[in-house]
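Me: I'm new to reading protein structures. Could you walk me through how a few features are read, one at a time?

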Amino acid sequence: MTMLQNINLIVFKKFVNLLGGFFSVIFGSWFDHVKGWLNAKEELQIMYISYEDMIKDLNDSVSRIAQFLGKPLEPDVLKKIADKCLFKNMKNNPMSNYSVVPQEFMDQTKSQFLRKGVAGDWRNLLTPEEAQHFDAVFKEKMKDVNFKFNWD
């Protein structure tokens with residue numbers, strides 16, 4: 001096994017533990033966390049937008065956010081905001097790349113908060129069997145959620 005395969009295996013085992021509920025995110029189970037926000041949509045007037053949507057059309061995403069907030073913006077302002085939100089710009093911005101967060105909360109020597117800026121990279125990290133396992137756990141844990149997740 002190569003060093004990269006070994007690292008990927010360690011990362012995957014941690015990921016599986018997260019999915020299985022053995023590893024908690026800061027506020028508990030990731031599934032409970034996500035379901036809580038999805039179930040609060042009407043009550044709290046929440047807009048959901050995915051990273052995949054933003055990758056596909058950042059200008060449209062910024063426009064939709066502005067409309068949701070009731071703050072229509074001129075095209076030149078939307079373009080400036082979208083430019084600041086480009087992955088390459090956010091990765092270099094200490095206010096968005098978590099580089100100012102103390103190491104005990106986010107150890108960026110192990111993994112940067114902003115990694116590659118691509119959608120679907122999980123295909124390069126998970127084997128078909130691991131992806132199948134993820135799908136099975138996700139399907140079971142999220143069976144009562146009426147929301148379409150876009151993973152591509």
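Reply: Sure! Keep in mind that this is a predicted model. Let's start with a pair of helices: the axes of α2 (residues 30-39) and α9 (residues 128-141) come within 11 Å and cross at roughly 50 degrees.

Me: What do we call the way α2 lies relative to α9?

Reply: Angles between 35 and 65 degrees are neither roughly parallel nor roughly perpendicular. That makes α2 oblique to α9. As for handedness, the crossing of α2 with α9 is right-handed.

Me: Which residues make the contact?

Reply: On the α2 side you'll find W30, F31 and K35, and α9 brings V137, F138 and K141. Sort the contact of α2 with α9 by class and you get four nonpolar residues, two charged ones and no polar ones.

Me: Which residues of α2 are buried?

Reply: Buried means under 20% relative accessible area. In α2, that goes for F31, V34, K35 and L38. Those four span an arc of only 100 degrees around the axis, so they sit on the same side of α2.

Me: Now a backbone angle. What is unusual about the phi of Q45?

Reply: The general idea first: most residues other than glycine have a negative phi. Q45 isn't a glycine, yet its phi is positive, at about 50 degrees.

Me: Where does Q45 lie, and is Q45 buried or exposed?

Reply: Look in the loop between α3 (41-44) and α4 (51-56) for Q45. With a relative accessible area of 65%, Q45 is exposed, since the cut-off for that word is over 50%.

Methods
Residues numbered from 1 in each chain as written. Predicted model: local features only at pLDDT ≥ 70, side-chain atom pairs only at ≥ 80, totals over all residues. Heavy atoms only, no water. Axes fitted to C-alpha atoms, helices over the stretch in contact; angles between N-to-C directions. Helix = DSSP H or I, 4+ residues; strand = E, 2+ residues; numbered from the N terminus. Parallel < 35°, antiparallel > 145°, perpendicular 65-115°, else oblique. Left-handed = near helix turned anticlockwise from the far one by under 90°. Contact = heavy atoms within 4.5 Å. Nonpolar A, V, L, I, M, F, W, Y, C, P; charged D, E, K, R; others polar. Buried < 20%, exposed > 50% of the residue type's maximum accessible area, 1.4 Å probe, protein only. Arc of directions from axis to C-beta.
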